[in-house]
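The following note offers comments on the structure shown below. The points are numbered for ease of reply.

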Amino acid sequence: MSALAAEAKDWRGWNIHVEDYPVSHGMEAFMAEVTEKTDGAIKGKTFHAGVLGSQPDAIEQVRLGIIDFGVFSLGPMGQAVPETNVVSLPFIFKSVPQMYELMDGEAGAAVSAGLEAKGIVALGYYDAGARSFYNGTKPINTPDDVAGMKVRVMNNDLFVGMIEAMGGNATPMAFAEVYQSLKTGVVDGAENNPPSYESTSHFEVAKYYSLSEHLIIPECLCMSKKTFDALTPEQQDIVRAAGKASTDLQRQLWQEREAASMKIVQDGGVEVNSIEDKSAFQAAMAPVYEQYLAANPDMTDLVNLFRNAD
């Protein structure tokens with residue numbers, strides 16, 4: 001065995017999530033398959049719950065080859081890899097199945113090329129759910145329904161712009177403050193995926209959940225290019241196949257988790273409404289996209305590749 005292959009023996013994986021979580025199970029399955037298929041030549045351990053540090057630090061350590069693999073939200077990766085910002089644009093995806101299709105195809109390959117240029121190999125795009133609106137007043141079916149509402153958002157100019165483009169008042173605040181703010185009327189509504197809406201008990205104080213799915217930001221099962229390049233071609237094939245199998249498993253587990261959360265909130269008296277046609281929302285985002293593309297003109301082709309997909 002070459003010195004390079006020998007170095008690859010004990011991999012370390014970074015994960016922000018707790019051990020019993022769809023992402024975590026996906027990562028464990030990935031490492032187990034790689035160990036099995038390489039007859040134990042490559043072993044490793046996933047460190048859960050952020051014990052290896054924050055996401056920005058971990059991304060840097062993956063690029064340097066200090067951490068071998070990790071699962072990262074593409075949302076905060078934009079500072080290191082500009083292409084990943086595109087998936088944080090509101091309503092860039094029409095649905096979760098469309099996100100799978102695009103990230104597994106040409107559009108995802110373009111994002112992966114951006115990652116690779118920065119020393120990161122994308123092995124698959126995990127499901128991190130779709131964020132939708134919830135509030136205590138009424139169902140949201142059109143952008144006009146958001147007008148005048150105070151809506152808590154994550155502290156990101158894109159998300160502030162999204163609410164303002166619909167005539168609402170965006171209120172960035174810490175996630176821990178949202179329950180009390182909904183309860184006391186400091187904000188009218190907020191937005192998140194079903195497991196977050198359910199597990200934080202926000203559904204108890206905001207009984208209308210409208211499936212706008214305005215943000216569908218995948219997570220990446222990523223690997224250090226330094227670690228990957230040190231493998232034999234056969235080992236690289238094993239790693240890519242394990243990444244694909246892990247992605248399929250994680251998506252399945254996420255969907256099960258989401259369905260369980262939806263049942264809990266509906267049993268708790270929440271009125272859930274679907275929004276079949278999102279074209280009015282997408283049209284309302286024109287100023288958000290114009291501002292983004294004015295600041296990032298080199299991303300125009302990639303944005304169009306996503307936006308113009310069926």
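Strands, as named here, are DSSP runs of E with at least two residues, and they are numbered from the N terminus.

1. The model is predicted. Its open sheet has five strands in the order β2-β1-β3-β10-β4, and the pairing is mixed. At the edges stand β2 (43–47) and β4 (120–126), each of which pairs on one side only. Between neighbouring strands of this sheet the average turn is 25°, direction ignored.

2. The pairing of β4 deserves attention. Strand β10 (residues 219–224) runs antiparallel to β4, and six bridges join the two. Within this pairing, A122 is opposite C222 of β10.

3. Two helices should be described together with the sheet. Helix α2 (residues 22–37) lies across β1 (10–14), β2, β3 (69–73), β4 and β10, and its direction is at about 170° to β2. Helix α3 (residues 55–64) also packs on the sheet, where it touches β1, β3, β4 and β10; the angle between the directions of α3 and β3 is about 140°.

4. D127 merits a separate comment. This residue belongs to the loop that lies between β4 and β5 (131–135). Which side chain of opposite charge is nearest to D127? It is that of R251, 6.4 Å away; D127 is buried yet has no salt bridge. A salt bridge would require a side-chain nitrogen of Lys or Arg within 4 Å of a carboxyl oxygen.

5. The surroundings of D127 can be stated further. A polar atom of the D127 side chain lies 2.7 Å from the backbone nitrogen of G129. Leaving aside residues up to four places away in sequence, D127 touches V96, M99, Y100, Q250, R251 and W254.

How values were computed
Residues are numbered from 1 along each chain as its sequence is written. This is a predicted model: local features need pLDDT of at least 70, side-chain atom pairs count only at pLDDT 80 or more; totals for chains, interfaces and linings use all residues. Side-chain values use heavy atoms; hydrogens and water are left out. Two strands pair if DSSP finds at least two bridges between them. Helices (H or I, at least four residues) and strands (E, at least two) are DSSP runs, numbered from the N terminus. Axes are lines fitted to C-alpha atoms, for helices over the stretch in contact, and angles run from 0 to 180 degrees between N-to-C directions. Contact means heavy atoms within 4.5 Å. Buried means under 20% relative accessible area, exposed over 50%, partly exposed in between (1.4 Å probe, protein chains only). Lys and Arg count as positive and Asp and Glu as negative; His and the chain ends are not counted. A polar contact is a pair of N or O atoms within 3.5 Å; within protein, one must be able to donate a hydrogen and the other to accept it, and residues adjacent in sequence count only if both atoms are side-chain atoms.
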